[in-house]
Amino acid sequence: MTLRILLADDHPVITAAIRARVQTQTGWDVCGEVASASELLQQADIERPDVVVTDFHMPGPAELDGVRLISALRRRYPAMSIVVLTMITNPLVLRTILDVRIQGLLLKDCQLDEIVTAIARAQRGFTYIGKSALRALAPTEARRLYCSRRAASRRPSRAATTARSGPPF
């Protein structure tokens with residue numbers, strides 16, 4: 001069975017490079033290329049791809065940009081895999097993108113082989129976060145873990161609470 005992939009990016013050189021690399025994979029077919037959020041939704045309706053590889057920010061109405069676009073795709077096609085490409089390195093934005101239940105997150109400085117890996121993992125039901133995206137997320141994730149550990153260590157233990165308030169009877 002053929003894996004149908006729809007590419008969405010407003011920079012033709014990006015889609016051309018991804019298409020060239022993806023077409024080397026046996027059983028994978030690029031079923032379309034689009035350059036705007038509106039076109040992406042239209043082509044998804046027509047082509048019904050298995051995987052969409054999309055830029056995070058694309059031309060089109062503001063209500064169809066970024067997280068809103070991904071959410072619209074997710075609502076319309078819950079079984080479709082979504083791999084997001086972006087130049088954004090803000091860890092809070094990257095975390096927000098991941099929270100929309102995508103299957104792949106790659107920064108545009110990644111190697112083309114990573115896009116193939118992300119698509120292959122998405123096809124199998126897994127999530128792939130690219131190496132540079134992981135590096136960008138690392139400070140936030142470390143901070144999140146540190147803050148949750150600090151909060152947990154500040155909570156009084158049950159024994160300490162009982163000792164202060166007296167016996168529980």
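Here is a walk through the model, with a selection to make at each stop.

**Before you click**

This is a predicted model, where local features need pLDDT of at least 70, side-chain atom pairs count only at pLDDT 80 or more, and totals for chains, interfaces and linings use all residues. Residues are numbered from 1 along each chain as its sequence is written, and side-chain values use heavy atoms, leaving out hydrogens and water.

**Whole chain**

Colour by secondary structure and you get seven helices and six strands. Both are DSSP runs numbered from the N terminus: H or I over at least four residues for a helix, E over at least two for a strand. Going along the sequence, the pattern reads β-α-β-α-β-α-β-α-β-α-β-α-α. Of the 169 residues, 41% are buried, where buried means under 20% relative accessible area, exposed over 50%, and partly exposed in between, using a 1.4 Å probe and protein chains only. Now for contacts (heavy atoms within 4.5 Å): among those between residues at least 6 apart in sequence, 64% join residues at least 24 apart.

**The sheet**

Select the strands. They form an open sheet of six in the order β2-β1-β3-β4-β5-β6, paired in parallel; two strands count as paired if DSSP finds at least two bridges between them. Which strands stand at the edges? They are β2 (28-34) and β6 (128-129), each with a single partner strand, so one side of each has no neighbour in the sheet. Zoom in on β1 (residues 3-8), which pairs with β2 over six bridges in the parallel sense. To see one of the partnerships, pick L6 in β1 and look across to G32 in β2.

**Helix α2**

Next, select residues 37-47, which make up α2. Show A37, L40, L41 and A44, which are buried. These residues sit on the same side of α2 because they span an arc of only 95 degrees around the axis, taking the directions from the helix axis to the C-beta atoms. What do the buried residues of α2 pack against? Their neighbours are β1, β2, β3 and α3 (67-76). Just after α2 comes R48, with a positive phi near 50 degrees.

**Helix α4**

Move to residues 91-99. This is α4, lying across β4 (81-86), β5 (104-107) and β6, and running at about 155 degrees to β5. Axes here are lines fitted to C-alpha atoms, for helices over the stretch in contact, with angles from 0 to 180 degrees between N-to-C directions. While you're on α4, show R95 and D99, whose side chains meet in a salt bridge (3.6 Å, N to O). Both lie in α4, four residues apart, about one turn of the helix. D99 counts as exposed, at 52% relative accessibility.

**More salt bridges**

A salt bridge here is a side-chain nitrogen of Lys or Arg within 4 Å of a carboxyl oxygen of Asp or Glu, and the count comes to seven. Select E33 and R19, which meet at 2.2 Å, N to O. This pair links distant parts of the chain, with E33 in β2 and R19 in α1 (residues 12-22), 14 residues apart. Both are partly exposed, E33 at 37% and R19 at 24%.

Last stop: K108 and D55, whose closest N and O atoms are 3.2 Å apart. K108 is in the loop between β5 and α5 (112-123), while D55 is in β3 (residues 51-55), 53 residues away. D55 is buried at 7%, whereas K108 is partly exposed at 22%. Add D9 to the selection: salt bridges with shared partners join D9, D55 and K108 into one network.
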